[in-house]
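User: I'm new to this one. Can you walk me through it?
Analyst: Sure, take a look first.

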Amino acid sequence: MERALQREHALSVSEYQALAALGYSDDGGHLRQQVLADAIPLNHSSVSRLVARLERAGLTERYLCEADRRGVYTQITDHGRRLLERARETCHQVLDTALRDAHQDETLADLAAHVHPVAAARPGHRPGS
């Protein structure tokens, strides 16, 4: 996943996760930076550096909460949304390929069938054989 996101979109998995958390949030594409840190597996200081990189790339922007000046929000930009949609397709392709391969591995086939049942129903699939 990391290699595919880097190669196709110049994104790390953490950057993709941050964009996805913002882009698919119930709050119109913005989250308080502390909530963003809780949504992805990074500590708060790492999220600050990550958000700064995304902001320099024009994918997000930060602003202060009007009600609480200590609250910093991060907002995904239109450019960030477009990149997120393209990167999401790449992620789906990588995951689909990995799960299809897992269906062919006799030690992983049963587990893969639970995670990715669509591929298990395809012709030529042999779970556990």
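Analyst: One term to start: buried means under 20% relative accessible area, exposed means over 50%, and partly exposed lies in between (1.4 Å probe, protein chains only). Helices (H or I, at least four residues) and strands (E, at least two) are DSSP runs, numbered from the N terminus. This is a predicted model, where local features need pLDDT of at least 70 and side-chain atom pairs count only at pLDDT 80 or more, while totals for chains, interfaces and linings use all residues. Residues are numbered from 1 along each chain as its sequence is written, and side-chain values use heavy atoms, with hydrogens and water left out.

User: OK. Which residues of helix 2 are buried?
Analyst: Glu-15, Tyr-16, Ala-18, Leu-19, Ala-20, Ala-21, Leu-22 and Gly-23. That is eight of the 11 residues, so helix 2 is largely enclosed by the rest of the structure.

User: There's a Glu in that list. What does the side chain of Glu-15 meet in a salt bridge?
Analyst: Arg-53, at 3.1 Å from N to O. A salt bridge here is a side-chain nitrogen of Lys or Arg within 4 Å of a carboxyl oxygen of Asp or Glu. The pair links distant parts of the chain: Glu-15 sits in helix 2 (residues 13–23) and Arg-53 in helix 4 (residues 44–56), 38 residues apart.

User: And is each of those two buried or partly exposed?
Analyst: Glu-15 is buried, at 10% relative accessible area. Arg-53 is partly exposed, at 36%.

User: How many salt bridges are there in the whole structure?
Analyst: The search finds four. Among them is Arg-62 with Glu-55, whose closest N and O atoms are 2.9 Å apart. Arg-62 is partly exposed at 34%, and Glu-55 is partly exposed at 28%.

User: Got another one?
Analyst: Asp-96 and Arg-100 form a salt bridge, with the closest N and O atoms 2.6 Å apart. They are four residues apart in helix 5 (residues 78–104), so about one helical turn separates them. An α-helix has 3.6 residues a turn, so residues three or four places apart point the same way. Asp-96 is partly exposed at 22%, and so is Arg-100, at 35%.

User: Switching to the strands. What order do they take in the sheet?
Analyst: The three strands form an open sheet in the order 1-3-2, with antiparallel pairing. Two strands count as paired if DSSP finds at least two bridges between them. Strand 1 (30–32) and strand 2 stand at the edges with a single partner strand each, so one side of each has no neighbour in the sheet. The twist averages 25° from one strand to the next.

User: How many bridges join strand 2 to strand 3?
Analyst: Five, and the two strands run antiparallel. For one residue pair, Glu-61 has Gln-75 in strand 3 as its bridge partner. Helix 4 packs on the sheet, touching strand 2 and strand 3 (contact means heavy atoms within 4.5 Å). The direction of helix 4 makes about 120° with that of strand 2. Axes are lines fitted to C-alpha atoms, for helices over the stretch in contact, and angles run from 0 to 180 degrees between N-to-C directions.

User: Last topic, rings. How many aromatic pairs does the search find?
Analyst: One. Tyr-63 and Tyr-73 are stacked, 5.5 Å centre to centre with 10° between the planes. Tyr-63 lies in strand 2 (residues 60–64) and Tyr-73 in strand 3 (residues 72–76), so the pair ties together parts 10 residues apart in sequence. Rings of Phe, Tyr and Trp (its six-membered ring) pair if their centres lie within 6.5 Å; planes under 30 degrees apart count as stacked, over 60 as edge-to-face and the rest as tilted.

User: Which way do they go, buried or partly exposed?
Analyst: Tyr-63 is partly exposed at 33%. Tyr-73 is buried at 17%.
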